[in-house]
Amino acid sequence: MQVFLSLIGLLGIFYTVFLFFHSNINLGVLMPAIMGFPLLIVGVFLPYFGSLFGKILLMLMALAYIAFGVLFLYCYLLIKKTPLCKEREVDALIICGAAVRNGKMSLALEKRTRAALAYLQAHEKTICVVSGGKGLQETVSEAELMRRFLLKNGIAEERILFEDKAESTRQNMEFGAKLVFDRLGKEASLAVVTSDFHIYRAVLEARKIFPEALGITSRSEWFMKPSYYLRETAAITKTRFLS
């Protein structure tokens, strides 16, 4: 047990270090280390937890990890049950921004934009909002990179509404909705384009404004999925229970 806990803890820490080279710093990147460090400490010093206090501390830690595991599973199921657009035609898309690295699209941002591009090419009457500001670690706005990509791939400029102030999923929807309403009116139908792990929260926020909003997903890269779903567990918990 001592070796097992130590290895699991080290794995979490090493995973966070690995993520530093593939993503901007965020909660999802830090969470494997945050969860792994206590396990490493317990693994290294397990023989010293033989006292009553030590046993109570171990029990509380075990309950905390079990509770988080249940919460993780609950959030995962919510994500998987999100209503998707599939082949239904909608009036407008809101494309949620993602990280920019060294002035270029991150893989997540590119995949989201490609998913939107495929839909726009198949539904020529649909317009879109590219939504995403410029973060502290970014040199160009997420919206600007998405706009350039869509224009380069043949989407007419008049079909692209530009929003480069949003700093959260909620703001993506609020700011994007205003542009859609100004262009199409308040009866417009909407789909949200974002990564598979993020789709539940994006549609949840969209439905506060567009009650029948649907989702269009892009597939996230496999080696980032644990980080993404850990972050979404925290974000969904905050959105559903603490907001």
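**Rings, cores and a buried threonine**

Let's start with Tyr15, which counts as buried because its relative accessibility is 17%, under the 20% cut-off. Keep in mind as you look around that this is a predicted model. Tyr15 has a ring partner in Phe18, and Phe18 is partly exposed, with a relative accessibility of 34%. Both residues belong to helix H1 (residues 2-20), where they sit 3 residues apart, or about one turn of the helix.

How do you describe two rings side by side? A pair of aromatic rings is described by the distance of the centres and the angle of the planes. Searching the whole structure turns up 8 aromatic pairs. For Tyr15 and Phe18, the centres are 6.4 Å apart and the planes make an angle of 15°, so the pair counts as stacked, the cut-off being under 30 degrees. These two rings also have company: ring pairs join Tyr15 and Phe18 with Trp222 and Phe223 in a cluster.

Now swing over to another stacked pair, Phe197 and Tyr228, with 4.1 Å from centre to centre and 5° between the planes. Phe197 is in the loop between strand E6 (190-195) and helix H7 (199-206), while Tyr228 is in helix H8 (residues 225-242), so this pair ties together parts that lie 31 residues apart in sequence. Phe197 and Tyr228 are both buried.

While you're at helix H8, have a look at Thr233, which is also part of that helix. Is Thr233 buried or exposed? Thr233 counts as buried, because its relative accessibility is just 2%. A polar atom of the Thr233 side chain lies 2.9 Å from the backbone oxygen of Tyr229. Setting aside residues up to four places away in sequence, Thr233 touches Phe68, Leu71, Phe72 and Cys75.

That leaves the nonpolar cores. The largest one has 42 residues, and the members that touch the most others are Leu93, Ile95, Leu150 and Ile216. Which helix supplies the largest share of this core? That's helix H4 (residues 107-122), with 7 residues.

Leu150 is a good place to stand if you want to see who meets whom. Not counting neighbours within four places in sequence, Leu150 is in contact with Ile95, Thr113, Leu117, Leu120, Cys128, Val130, Ile155 and Ile160. Apart from this largest core there is another one, made up of 16 residues, including Ala92, Ala177, Val192 and Phe210.

Terms used. Residues numbered from 1 in each chain as written. Predicted model: local features only at pLDDT ≥ 70, side-chain atom pairs only at ≥ 80, totals over all residues. Heavy atoms only, no water. Phe/Tyr/Trp six-rings, centres within 6.5 Å; stacked < 30°, edge-to-face > 60°. Helix = DSSP H or I, 4+ residues; strand = E, 2+ residues; numbered from the N terminus. Buried < 20%, exposed > 50% of the residue type's maximum accessible area, 1.4 Å probe, protein only. Core = buried A, V, L, I, M, F, W, Y, C linked by side-chain atoms within 4.5 Å. Contact = heavy atoms within 4.5 Å. Polar contact = N/O pair within 3.5 Å; in protein donor to acceptor, adjacent residues only side chain to side chain.
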